[in-house]
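Subject: Structure for your files

Dear colleague,

I am handing over the structure below, with my reading of it underneath. Please keep the coordinates open while you go through the notes.

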2 protein chains.
Amino acid sequence: MRLEGSHFIGPDRSARGGDVFHGIDPASGKRLEPAYREATPDEIDRAANMAAEAFEDLRARPPADKAALLDRIAAEIDALGDALVERANAETALGPQRLSGERTRTCNQLRMFARMVEEGSWVQARIDHALPQRKPLPRPDLRRMLVPVGPVVSFASSNFPLAISVAGNDTASGLAAGCPIIVKAHPAHPGTSELVAAAVTKAVRETRMHPGVLSLLHGRSHEVGLALVRHPRVKAVAFTGSLRAGRALFDAANARPEPIPVFAEMGSTNPVFVLPGAMEQRGRQIAEGLKNSVTLGVGQFCTCPGIVVGLEGDATKTFTAAVAELIEASPPGTMLYEGIRRAFFDGVQSFARVRGVNMAAQSKSPADESKNQAPATLFTTDAQTFLDNDLLSHEVFGPSTLLVKGRSKQDMERIARSLEGHLTATIHGTPQDLEEHRGLVAILEQKVGRLIFNGFPTGIEPCNAVHHGGPYPATTDARTTSIGTTAVERFVRPVCYQDFPQAALPAELRDGNPGKIWRLVDGQMTRE
Amino acid sequence: MRLEGSHFIGPDRSARGGDVFHGIDPASGKRLEPAYREATPDEIDRAANMAAEAFEDLRARPPADKAALLDRIAAEIDALGDALVERANAETALGPQRLSGERTRTCNQLRMFARMVEEGSWVQARIDHALPQRKPLPRPDLRRMLVPVGPVVSFASSNFPLAISVAGNDTASGLAAGCPIIVKAHPAHPGTSELVAAAVTKAVRETRMHPGVLSLLHGRSHEVGLALVRHPRVKAVAFTGSLRAGRALFDAANARPEPIPVFAEMGSTNPVFVLPGAMEQRGRQIAEGLKNSVTLGVGQFCTCPGIVVGLEGDATKTFTAAVAELIEASPPGTMLYEGIRRAFFDGVQSFARVRGVNMAAQSKSPADESKNQAPATLFTTDAQTFLDNDLLSHEVFGPSTLLVKGRSKQDMERIARSLEGHLTATIHGTPQDLEEHRGLVAILEQKVGRLIFNGFPTGIEPCNAVHHGGPYPATTDARTTSIGTTAVERFVRPVCYQDFPQAALPAELRDGNPGKIWRLVDGQMTRE
């Protein structure tokens with residue numbers, strides 16, 4: 001497929017803007033063709049109106065139609081073959097193996113939502129039958145289920161050019177809910193976005209869905225994003241990226257005459273606590289796992305562990321030396337784009353300037369600026385310095401971590417208590433450690449969305465029981481996840497039907513339960 | 001019990017503020033003793049800190065403890081006997097019958113949440129077992145459930161001095177979730193609030209819960225409310241009241257360094273569509289039901305039907321005459337407080353000033369200002385006038401309704417499409433009407449939280465399947481309800497445990513499923 005450098009307003013290609021930008025190969029700095037243009041106000045308006053029109057159709061479609069669309073999108077993405085991985089690699093330097101794996105995850109994710117839609121219980125149907133004889137007042141017949149909210153804008157991430165991008169988790173969960181999607185492409189991988197949007201458009205056509213169910217708009221400026229968030233036809237926003245950008249969209253959405261929810265996943269520092277027993281027994285093994293997790297994808301994961309807390313002592317000394325050695329042996333890696341690398345170096349420098357913080361190790365091979373490389377970096381400090389410097393708990397996006405040494409269990413708890421919201425926290429410990437540090441677990445439960453025991457936070461599983469979210473500033477809505485089947489809950493709201501005739505009810509709420517979905521009927525869960 | 005005119009900081013009475021106000025008997029204008037004082041910044045801070053301390057305890061309590069507390073609160077409110085109804089009636093003039101009924105609903109609501117907590121499935125537990133052999137990567141063990149967010153501030157409503165006040169739906173659902181509650185009392189019924197808070201405090205003591213699980217603060221100024229919303233220990237806000245006040249709290253919460261959710265239920269106009277067949281067959285009966293619904297509680301319900309849409313013709317002419325006659329025969333009623341009555345008269349005057357709007361009827365007996373009375377009022381207009389004047393779709397809180405006559409099905413749909421978000425919409429029709437107006441139903445589904453067929457919107461049932469919410473401006477979060485068991489979802493967020501040892505997991509996520517709750521295990525709903 002030849003790239004045209006265009007937006008998709010539904011199936012229609014458009015590229016009317018004057019302002020031009022290109023994808024860049026970060027490993028070479030080379031400009032990639034074709035040129036992409038900023039979406040114009042008119043293109044934004046057309047996409048939003050088309051999404052609103054598509055919503056009227058999509059919301060009324062039976063589950064099978066939505067499942068067929070999701071399956072077909074997965075098939076069309078698979079059918080893009082090597083061209084997709086090649087372009088994605090040219091734009092991100094994440095490597096063909098990782099990108100093939102990410103494609104698999106993306107397609108699995110689409111199919112996971114297809115199966116969820118087919119099964120149908122996700123609408124959380126509830127029925128309370130009428131009690132006409134009840135005193136003093138009869139009870140009416142009440143039936144409630146979740147319905148889609150309307151057009152959703154999804155801001156693609158830079159670090160997952162497939163799985164959190166054009167046909168990623170937001171699109172899969174949004175379409176499953178019945179919401180058309182307008183994707184704001186990430187400017188670091190416009191060609192990858194165009195390829196995937198073409199696959200989606202083809203799937204939409206082949207499954208005879210309304211052509212407006214997905215649009216794709218390019219843009220580097222804040223204006224494109226803000227105009228989308230402010231458009232009156234848009235009813236919800238999903239975002240994965242930086243705190244600053246996420247908060248700006250959140251603020252803009254809340255300032256609308258009709259505020260809309262912004263589900264922004266803004267990353268975090270993902271603290272790791274290594275308890276004394278584990279440090280003693282498995283220090284070397286944990287050091288290796290930590291190094292792998294910190295440097296995976298050149299540290300460009302929302303769940304990259306940026307803080308590691310241990311207690312002073314010989315075992316921790318050995319552990320620190322092991323991590324330092326592994327970090328030094330780690331080659332520098334090419335980051336996604338120049339801005340991310342600059343921010344990484346700024347972050348590293350800001351840490352290095354803090355009195356009491358020691359840069360303990362860095363990749364021995366020098367980072368090649370022409371290849372946009374960043375070195376793996378290890379800092380160490382003590383608990384008091386950490387607690388005295390807010391800065392140290394903030395995310396440095398990239399392959400860097402800070403090892404904090406406390407003197408006591410109380411220090412560990414103080415550190416935990418000082419934390420803002422994070423996506424994850426990790427505890428390494430023996431069963432006895434865990435018993436002795438119940439207080440720490442209780443604190444961390446209040447700080448994060450996912451607690452990991454004896455593992456590492458990177459590598460998240462899209463499934464039913466996962467939660468990828470957390471208290472602010474990890475996200476703007478701690479009740480929601482961006483990954484896993486419950487991600488669909490972002491884009492729905494309940495509607496209750498009172499005393500409706502059977503024929504006028506959605507199938508999910510009819511007496512016969514034609515889809516055999518799980519429902520709460522008069523207080524009992526049942527599929528009857 | 002003697003009223004002391006004090007706040008409750010947990011169990012501690014306090015009244016340090018200088019600024020004083022009283023409850024007023026709206027039926028006589030008489031000042032009611034004792035005096036109440038504005039909460040001071042220090043009292044607000046103490047209440048918030050005590051709630052945060054109580055949270056550490058409450059979140060870890062087994063379901064049985066929370067259920068016992070809720071049951072005991074209900075019992076203590078019952079034990080207040082006539083004194084509660086008398087004081088509530090003196091402060092609101094809602095009448096002993098209605099207030100006794102509201103007390104029953106309040107206690108039933110508390111017990112409903114007690115049963116929900118005991119049953120336990122509300123935590124939405126999900127388990128995906130590990131797949132250690134999976135290729136290319138093993139799957140970890142993931143277990144997710146809902147946990148409480150922390151201290152909640154609940155702004156009591158004026159119109160439900162018991163059911164949406166100190167021990168009302170927010171408190172019941174918040175405590176069920178495991179969140180301590182700080183109630184900002186409504187200044188129109190401070191004595192009622194004090195009585196109920198004393199009952200709650202007694203229940204807290206008797207069930208040996210942490211004393212900080214409920215605090216009660218009085219205040220008339222915006223400052224008390226805003227200080228509560230801005231307090232860093234507060235993690236969520238629930239509110240029932242006006243759009244202006246709700247939006248102000250929402251904006252303040254979003255402007256915090258750490259934004260928190262505001263679940264504001266801000267009322268609505270609750271449009272009623274009377275389709276031609278129903279108008280023909282049951283016009284008189286609908287007119288009676290409408291009059292009852294409009295004048296119930298002097299029109300002071302969030303679900304009072306303020307817009308009625310019909311089609312021009314003889315049947316509608318007869319219907320209009322019948323409604324007019326019934327409205328004229330309705331006696332004026334005492335409103336909750338002077339400010340509400342003034343706002344009602346302002347609203348009525350603003351409607352009367354619109355060219356094309358006709359004040360078709362008003363209570364024949366004159367409204368007595370010394371008794372804070374408002375007359376039942378009926379306006380009529382045509383579809384075009386309605387569509388041309390935004391003002392007419394806004395709520396006039398009180399016993400007033402506007403009958404809009406359209407010329408065609410298209411007019412009805414245009415009116416429906418022009419609506420903002422509402423809590424409810426009602427359709428009166430025959431099965432054939434409903435078939436012919438599918439388009440109307442599809443539009444209304446996107447505008448409201450509850451759709452009623454051949455009934456009236458007032459009189460909401462707290463149960464599993466109800467939804468009392470709706471798109472903005474009905475609420476600030478269309479995904480949530482303030483009434484019914486799903487109200488608990490406002491105050492929780494998911495936490496996911498990865499590879500946790502059994503002993504460190506909450507009971508709800510352990511293999512044995514000790515509470516026999518419904519869980520989604522490897523994709524299957526089960527109680528095993």
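In this predicted model, P473(B) sits in the loop that runs between β20 and β21 of chain B, and the peptide bond that joins Y472(B) to P473(B) is cis, with an omega of about 5 degrees. A second cis peptide bond joins K135(B) and P136(B), where omega is about 0 degrees, and P136(B) is found in the loop between β5 and β6 of chain B.

As to confidence, the mean pLDDT of chain A is 97, with 100% of its residues at 70 or more, and the predictor assigns the complex an ipTM of 0.97 together with a pTM of 0.98.

The strands that flank those loops in chain B are worth following one by one. β5(B) pairs with β6(B) in the antiparallel sense over three bridges, and within this pairing R126(B) stands opposite R144(B), while D128(B) has L142(B) as its bridge partner. β5(B) also pairs with strand β22 (residues 519–521) of chain B, here in the parallel sense and again over three bridges, with R519(B) as the bridge partner of A125(B). The side chains of β5(B) divide between two directions, A125(B) and I127(B) pointing one way and R126(B) and D128(B) the other, and all of these residues are buried.

β6(B) is mostly covered as well, since six of its seven residues count as buried. Besides its pairing with β5(B), β6(B) pairs with β21(B) in the antiparallel sense over seven bridges, and there M145(B) has V495(B) as its bridge partner.

β21(B) leads directly to the contact between the chains, which takes 51 residues from chain B and 51 residues from chain A. On the side of chain B that touches chain A, the elements that give two or more residues are β5 (125–128), β6 (142–148), α14 (431–436), α15 (438–445), β20 (448–453) and β21 (492–498) of chain B; of these, β21(B) gives the most, with six residues. By class, that side of chain B consists of 28 nonpolar, eleven polar and twelve charged residues. Strand pairing also crosses between the chains, in that strand β20 (residues 448–453) of chain A pairs with β21(B) in the parallel sense over three bridges, and R450(A) stands opposite C496(B).

Helix α8 (residues 243–254) of chain A also has a neighbour in the other chain. Its twelve residues reach 16 Å from the first C-alpha to the last, close to the 16 Å expected at 1.5 Å a residue, and G246(A), L249(A), F250(A), A252(A), A253(A) and N254(A) are buried in it. What covers these buried residues includes α7 (222–230), β10 (236–240) and β11 (262–265) of chain A, together with α8 (243–254) of chain B.

Helix α6 (residues 190–206) of chain B can be checked in a similar way: its 17 residues should span 24 Å at 1.5 Å a residue, and its end C-alpha atoms are 24 Å apart, which agrees. Because 14 of the 17 residues of α6(B) are buried, this helix is largely enclosed by the rest of the structure. Just after α6(B), R208(B) takes a positive phi of about 55 degrees.

Two further residues, these in chain A, have a positive phi without being glycine. Q124(A), in the loop between α4 (96–119) and β5 (125–128) of chain A, has a phi near 50 degrees, and Q124(A) is partly exposed because 18 other C-beta atoms lie within 10 Å, whereas 20 or more would make a residue buried. N513(A), in the loop between β21 (492–498) and β22 (519–521) of chain A, has a positive phi of about 50 degrees and, with 19 C-beta neighbours inside 10 Å, likewise counts as partly exposed.

Finally, the domain assignment of chain A gives domain 1 (10–16 + 48–120 + 140–266 + 479–490) and domain 2 (272–453), whose C-alpha centres lie 33 Å apart. Their contact takes eight residues from domain 1 of chain A and seven residues from domain 2 of chain A, and the domain 1 side has three nonpolar, three polar and two charged residues.

With best wishes

Notes: Residues numbered from 1 in each chain as written. Chains lettered and ligands numbered in written order. Predicted model: local features only at pLDDT ≥ 70, side-chain atom pairs only at ≥ 80, totals over all residues. pLDDT = per-residue confidence, 0-100. Domains from an automatic or database assignment. Contact = placed C-beta atoms within 7 Å. Nonpolar A, V, L, I, M, F, W, Y, C, P; charged D, E, K, R; others polar. Helix = DSSP H or I, 4+ residues; strand = E, 2+ residues; numbered from the N terminus. Pairing = 2+ DSSP bridges. Expected span 1.5 Å × (residues − 1). Buried ≥ 20, exposed ≤ 12 C-beta atoms within 10 Å, placed from the backbone.
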